[in-house]
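Me: I would like to learn how to read a protein model feature by feature, beginning with the whole chain and ending with single side chains. Could you take me through one?

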Amino acid sequence: MSLGEQHVSVSARSIKNNSHPPFMLPHTRREFGKLSLAALAGAGLLPVLNRLGAAETPAPPPGKPDSKVAGVQIGLNVPYSFADPLMSGDDILKSCLQLGLSAVELRTQPVEAFLGVPVNLISPKNSAAAGSAAANAEQLRQRRKSVSMDRVKAFRKKYNAAGVRIEIVKVDGIFKMTDDELDYVFALAKALGGRAISTEISNKDEELKRLGRFADQHRFMVGYHGHATTTPAHWESAFSFAKHNGANVDLGHFVAGNNVSPVPFLKRHHDRITHVHVKDRKMHNGPNTPFGAGDTPIAEVLRLIRDNQWNIQATIEFEYKIPAGSDRMTEIARAVRYCREALA
């Protein structure tokens with residue numbers, strides 16, 4: 001069965017024509033986390049236009065993709081980087097194959113859509129309109145109790161067969177989940193073949209302690225994603241609460257907010273870092289830029305991971321402004337190429 005077979009297909013025109021305004025993403029990261037709860041069957045993406053050399057659209061790479069370069073696994077945060085929270089698992093996979101990527105950080109919404117979760121339960125927009133957010137949340141909790149992990153493994157199987165590993169599973173709204181739901185998301189992440197869960201870091205110690213207890217019980221890492229306001233001390237505090245509390249270090253945000261290189265932090269805590277988000281930003285809360293145009297030491301970090309053989313996915317998170325005359329898939333392909341060349 002196709003991953004998106006039971007869901008409505010959504011037009012690809014928004015990505016093809018870049019119909020969203022070309023500033024970063026059409027939504028902030030937190031807004032995307034909310035909107036992506038409405039994940040249904042998504043838009044198919046056009047092939048990558050190789051503006052770096054060829055004028056014509058390239059064919060998908062022959063055989064299975066391989067974006068593990070010199071021992072460093074290059075991945076992509078999806079569907080976030082495609083700016084389309086409505087993408088189905090099938091369409092996400094097609095786009096990753098088009099980009100030659102063999103690993104991802106995948107949000108749970110495309111998986112739960114594949115499992116048949118109704119839109120009114122996973123769409124906060126619809127919940128608000130119906131005035132039944134609490135009731136929908138309870139229905140979603142009950143549905144999660146009956147999920148068959150065999151169905152989740154069926155989702156994973158298609159990715160594995162295509163040569164794309166789901167290494168990191170992004171979970172939104174995790175701190176609001178009941179104990180049963182937390183057990184569920186850890187089981188879900190394992191069934192998908194993941195080695196870590198990622199989520200936004202909390203400012204509340206009790207939330208980090210509670211989630212850390214579940215991570216330790218499941219012996220499964222949680223990588224807390226930081227923004228420009230997140231300091232090394234914030235992560236180090238989370239580390240002190242649980243053995244499996246880790247860090248998803250966003251290289252661009254780290255540089256923009258802390259105004260220093262993330263390299264010393266990576267060296268000190270590499271065993272706690274599940275993955276890094278690869279993006280380029282200017283210091284002093286500067287903007288996102290094309291790779292190589294900002295202050296973020298992307299190449300240095302990639303080589304550091306390579307030379308030390310750390311098991312840290314280099315996860316591209318696409319956010320910079322799309323240049324005039326280009327499109328999202330072309331720019332993501334350019335970011336992938338930048339990382340490959342840095343490791344060559």
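What follows is a dialogue that goes from the chain as a whole to its core, its strands, two of its helices and its salt bridges.

Me: Where should I begin, and how many helices and strands are there in the chain?

Reply: Begin with the origin of the coordinates, which here is a predicted model, and then take the overall inventory. The chain holds 15 helices and 11 strands, and of its 344 residues 55% count as buried. The accessible surface comes to about 14400 Å², with 52% of that area belonging to carbon and sulfur atoms. As for how the chain folds back on itself, among contacts between residues at least 6 apart in sequence, 79% join residues at least 24 apart.

Me: Which residues have the most contacts inside the largest nonpolar core?

Reply: A nonpolar core is read as a set of buried nonpolar residues joined through their side-chain atoms. In this model the largest such core has 79 residues, and Val 249 and Val 276 are those with the most contacts inside it. The largest share of this core, eight residues, is contributed by helix 15, which spans residues 328–343.

Me: What surrounds Val 276, leaving aside its neighbours within four places in sequence?

Reply: Its contacts include Asn 248, Val 249 and Leu 251, as well as Ile 305, Ile 312 and Ala 314. The strand pairing places two of these partners: Val 249 stands opposite Val 276 in strand 8, and Val 276 in turn stands opposite Ala 314 in strand 11.

Me: How should I read the strands themselves, and in which sense do strand 7 and strand 8 pair, parallel or antiparallel?

Reply: In a regular strand the side chains alternate between the two faces of the sheet. Here strand 7 (residues 245–250) pairs with strand 8 in the parallel sense over four bridges, and four bridges also join strand 8 to strand 11 (residues 313–316), again running parallel. Strand 8 itself, residues 273–278, is mostly covered, with six of its six residues buried.

Me: Which residues of helix 12 are buried, and what caps its N-terminal end?

Reply: An α-helix has 3.6 residues a turn, so residues three or four places apart point the same way. Helix 12 (residues 251–258) is mostly covered, seven of its eight residues being buried, and these are Leu 251, Gly 252, His 253, Phe 254, Val 255, Ala 256 and Asn 258. Its N-terminal end is capped by Asp 250, a side-chain oxygen of which lies 3.2 Å from the backbone nitrogen of Gly 252. Just after the helix, Asn 259 takes a positive phi of about 60°.

Me: Which residues are buried in helix 14, and where does Thr 296 lie?

Reply: Helix 14 (residues 298–308) has Ile 298, Ala 299, Val 301, Leu 302, Leu 304 and Ile 305 buried, and just after it Gln 309 takes a positive phi of about 55°. Thr 296 lies in the loop between strand 10 (288–289) and helix 14. Thr 296 counts as buried because its relative accessibility is 8%, under the 20% cut-off. A polar atom of its side chain lies 3.0 Å from the backbone nitrogen of Arg 281, while the contacts of Thr 296 beyond its sequence neighbours also include Leu 251, Gly 252 and Val 255.

Me: How many salt bridges are there, and why does the pair of Asp 172 and Arg 107 tie together separate parts of the sequence?

Reply: The general reading is to locate both partners and then to ask how covered each one is. The count comes to 19 salt bridges. In one of them, the closest N and O atoms of Asp 172 and Arg 107 are 2.9 Å apart. Asp 172 lies in the loop between strand 4 and helix 9, and Arg 107 in strand 3, so the pair ties together parts that are 65 residues apart in sequence. Asp 172 counts as buried at 15% relative accessibility, and Arg 107 is buried with a relative accessible area of 1%. Both belong to a network of salt bridges that links Arg 107, Lys 170, Asp 172 and Glu 200.

Me: Are the partners in the salt bridge of Arg 306 and Asp 307 buried or exposed?

Reply: Their side chains meet at 2.8 Å, N to O; Arg 306 counts as partly exposed at 25% relative accessibility, whereas Asp 307, at 54%, counts as exposed.

Terms used:
Residues numbered from 1 in each chain as written. Predicted model: local features only at pLDDT ≥ 70, side-chain atom pairs only at ≥ 80, totals over all residues. Heavy atoms only, no water. Core = buried A, V, L, I, M, F, W, Y, C linked by side-chain atoms within 4.5 Å. Buried < 20%, exposed > 50% of the residue type's maximum accessible area, 1.4 Å probe, protein only. Helix = DSSP H or I, 4+ residues; strand = E, 2+ residues; numbered from the N terminus. Contact = heavy atoms within 4.5 Å. Areas by Shrake-Rupley, 256 points an atom, 1.4 Å probe, with all protein chains shown as cover. Polar contact = N/O pair within 3.5 Å; in protein donor to acceptor, adjacent residues only side chain to side chain. Pairing = 2+ DSSP bridges. Salt bridge = Lys/Arg side-chain N within 4 Å of Asp/Glu carboxyl O.
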